[in-house]
Amino acid sequence: MSHVDSDLIVTGLRKEYVTAAGSLTVLNGVDLSLTRGDALAVTGPSGSGKSSLLFVLGGLERPTLGSVRLRGRDVFAATETELAAWRQESVGFVFQEHHLLPQCTVLENVLIPRLAGSGTTADDVARATQLLERVGLQQRLAHRPAQLSGGERQRVAVCRALINQPALLLADEPTGNLDRENADTIGSLLLELSRDVGNVLICVTHSTDLASRFPRCAELRDGRLTSL
Ligand code: ADP
Ligand code: MG
């Protein structure tokens, strides 16, 4: 696969945090190239910068140095407003905590990323319903998050991350709070759904079981990403 065909091209990424105790370098020359349909599992010790890497790749944090290109676009050449719009359109996030809105139903939660534009359409509702069917929640559309199991809540979070058919799907220890069986289900869904959508999936995980199911694995250590 040649570099120019890649959907996601990360070059010389460096991230320093400036704290009262001085400057802390967490990413120190991360290079990465992935194409749609690719799925990468990222492992690494606690504090090695895995979440920081996802935050930068998803445009939530600007890098100190280096560039991120997604589908030909230089992500950080944008203004803050453009960056926020790009993130909304191009990136889906799944976190360890589901961050669902308690007052909204399952269906409404999945539709939240669609509310930013001109409001939800019948097509949006159809697509959200289809995604929820795909993850086995067709009987739970009107439930509130508190009325779901942990595994079900995380399946809703996966659907919400995919509703905009993002070019990049980022998951930060998405199975960290789940038992083995639910973790397996979420892992499979992330892999299958991102293949269906044709996006790039990057998943941070402590689970060697989950990582082993990804076509590509890398470890973050000393600020660098090394292929495993
Ligand atoms: P991981 O997800 O691999 O556990 P993080 O990316 O959360 O690691 O954090 C990497 C390091 O950067 C940690 O030592 C953490 O304390 C530090 N860090 C993370 N976010 C900030 C921040 N906003 N300001 C200063 N230091 C931070
Ligand atoms: Mg983390």
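Trainee: How do the residues of the shell around ligand 1 divide into nonpolar, polar and charged?

Mentor: The model under discussion is predicted. In it, the shell consists of Tyr 17, Thr 19, Leu 24, Val 26, Pro 45, Ser 46, Gly 47, Ser 48, Gly 49, Lys 50, Ser 51 and Ser 52. Gly counts as polar in this division. The shell therefore comprises four nonpolar, seven polar and one charged.

Trainee: Which element supplies the largest share of the shell around ligand 1?

Mentor: Three elements, β1 (8–19), β2 (22–34) and α1, each contribute at least two residues to this shell. The largest share amounts to three residues, and its source is α1.

Trainee: At what distance from an oxygen atom of ligand 1 does a polar side-chain atom of Ser 52 lie?

Mentor: Two backbone contacts may be listed beforehand. A polar backbone atom of Ser 48 is 3.2 Å from an oxygen atom of the ligand, and for a backbone N or O atom of Gly 49 the distance is 3.0 Å. For the polar side-chain atom of Ser 52, the distance to an oxygen atom of ligand 1 is 2.6 Å.

Trainee: What percentage of the area that ligand 1 exposes when taken alone does the protein bury?

Mentor: The reference is ligand 1 taken alone, which exposes 560 Å². Of that area, the protein buries 61%.

Trainee: Which strand of β1 and β2 pairs with strand β4 (residues 65–70)?

Mentor: β1 and β2 run antiparallel, are joined by ten bridges and are connected by a hairpin through two residues. Leu 8 has Leu 34 in β2 as its bridge partner, while Ile 9 has Arg 69 in β4 as its partner. The antiparallel pairing with β4, over five bridges, is made by β1.

Trainee: Which strands are the edge strands of the open sheet of six strands?

Mentor: The order in this sheet is β6-β7-β8-β3-β9-β10, with mixed pairing. Neighbouring strands are turned by 20° against each other on average, direction ignored. An edge strand pairs on one side only, which holds for β6 (91–94) and β10 (224–227).

Trainee: Which residue in β9 stands opposite Val 42?

Mentor: Strand β3 (residues 39–43) and strand β9 (residues 216–221) pair in the parallel sense over four bridges. Opposite Val 42 in β9 stands Ala 218.

Trainee: At about what angle to β7 does helix α1 run?

Mentor: Helix α1 (residues 50–57) lies across β3, β6, β7 (168–172), β8 (200–204), β9 and β10. Relative to β7, the helix runs at about 155°.

Definitions and conventions. Residues numbered from 1 in each chain as written. Chains lettered and ligands numbered in written order. Predicted model: local features only at pLDDT ≥ 70, side-chain atom pairs only at ≥ 80, totals over all residues. Heavy atoms only, no water. Pairing = 2+ DSSP bridges. Axes fitted to C-alpha atoms, helices over the stretch in contact; angles between N-to-C directions. Contact = heavy atoms within 4.5 Å. Near = heavy atom within 4 Å. Polar contact = N/O pair within 3.5 Å; in protein donor to acceptor, adjacent residues only side chain to side chain. Areas by Shrake-Rupley, 256 points an atom, 1.4 Å probe, with all protein chains shown as cover.
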